[in-house]
Amino acid sequence: MWFFFALLSAVFTGVRRTGEKQLLRQTNQFTLGWLVQAFSLPVMLLALPFNSHFLNPFTLGSGFWLPIIFVMVVFFPLNTWLAGRALKHGELSKVMPVQSLGPVMSIFFALAILGQVPNLL
């Protein structure tokens with residue numbers, strides 16, 4: 001089942017990136033990054049009750065919140081800026097293959113940081 005979700009996510013990302021390329025002609029990458037998050041929030045809030053593993057966020061300790069805050073303050077804005085600049089000033093046919101190295105980088109960092117190796121499937 002996870003493979004279907006991953007494949008569907010890849011399709012949606014491809015469509016989204018193509019749309020973002022056109023939207024970046026009219027706006028800047030910060031506005032677009034903010035809008036992506038703002039429009040995804042209601043969808044995520046609607047999906048939350050259907051998740052059977054809902055956790056109370058107030059019971060989570062600093063081991064959860066500090067990395068989340070760091071990612072949201074440092075990584076996400078930097079990623080938004082870099083991806084927006086690449087999409088705005090580069091050719092989509094060249095930018096997308098380079099940005100598609102994300103899963104490869106995830107495998108590398110999962111091995112280096114978490115010690116997890118994907119199985120053959």
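At what angle do H3 and helix H4 (residues 92-99) pack, and how far apart are their axes? In this predicted model, the two helices pack at an angle of about 150 degrees, and their axes lie 8 Å apart. Because angles over 145 degrees count as roughly antiparallel, H3 is roughly antiparallel to H4. The crossing in which H3 passes H4 is right-handed.

The overall architecture of the chain provides the setting for this pair. The secondary structure comprises 5 helices and 0 strands. Along the sequence, these elements follow the pattern α-α-α-α-α. Taken along the principal axes, the box filled by the C-alpha atoms of the chain is roughly 45 × 35 × 30 Å. Of the 121 residues in the chain, 12% are buried, a term reserved for residues with under 20% relative accessible area.

Helix H3 also packs with helix H2 (residues 29-47). The axes of H2 and H3 come within 9 Å of each other and cross at roughly 120 degrees. This angle falls outside the range of 65 to 115 degrees that counts as roughly perpendicular, and it is not over 145 degrees. The two helices are therefore oblique to each other. The crossing of H2 and H3 is right-handed, and the crossing of H3 and H4 is likewise described as right-handed.

A contact between positions separated in sequence involves Trp34, which is found in helix H2. The C-alpha atom of Trp34 is separated by 9.0 Å from that of Thr80, although the two residues are 46 residues apart along the chain. Trp34 counts as exposed because its relative accessibility is 58%, and the cut-off for that class is over 50%.

A second pair of this kind is formed by Thr18 and Leu92, which are 74 residues apart in sequence. Their C-alpha atoms are 7.5 Å apart in space. Thr18 lies in helix H1 (residues 2-23). With a relative accessibility of 41%, Thr18 counts as partly exposed.

The surface of the model includes a nonpolar patch. The patch is formed by Phe64, Trp65, Ile68, Ile69, Phe70, Val71, Met72, Val73, Val74 and Phe75, which together have about 900 Å² of accessible area. One of these residues, Phe75, has its place in helix H3 (residues 62-89). The relative accessible area of Phe75 is 48%, so this residue is classed as partly exposed.

Charged side chains were also examined. Side chains of opposite charge can pair when their charged atoms come close. The structure holds 1 salt bridge. Glu91 forms a salt bridge with Lys94, and the closest N and O atoms of the pair are 3.7 Å apart. This distance satisfies the cut-off, because a salt bridge requires the nitrogen and the carboxyl oxygen to be within 4 Å. The two partners fall into separate accessibility classes: Glu91 is partly exposed at 47% relative accessibility, whereas Lys94 is exposed at 55%.

Terms used:
Residues are numbered from 1 along each chain as its sequence is written. This is a predicted model: local features need pLDDT of at least 70, side-chain atom pairs count only at pLDDT 80 or more; totals for chains, interfaces and linings use all residues. Side-chain values use heavy atoms; hydrogens and water are left out. Patches are made of residues with over 30% relative accessible area and no salt bridge: like charges are joined within 9 Å, nonpolar side chains (Val, Leu, Ile, Met, Phe, Trp, Tyr) within 5 Å. Accessible areas come from the Shrake-Rupley method with a 1.4 Å probe; for residues, only the protein chains shown count as cover. A salt bridge is a side-chain nitrogen of Lys or Arg within 4 Å of a carboxyl oxygen of Asp or Glu. Helices (H or I, at least four residues) and strands (E, at least two) are DSSP runs, numbered from the N terminus. Buried means under 20% relative accessible area, exposed over 50%, partly exposed in between (1.4 Å probe, protein chains only). Axes are lines fitted to C-alpha atoms, for helices over the stretch in contact, and angles run from 0 to 180 degrees between N-to-C directions. Angles under 35 degrees count as roughly parallel, over 145 as roughly antiparallel, 65 to 115 as roughly perpendicular and the rest as oblique. A crossing is left-handed if the near helix is turned anticlockwise from the far one by less than a right angle, and right-handed if clockwise.
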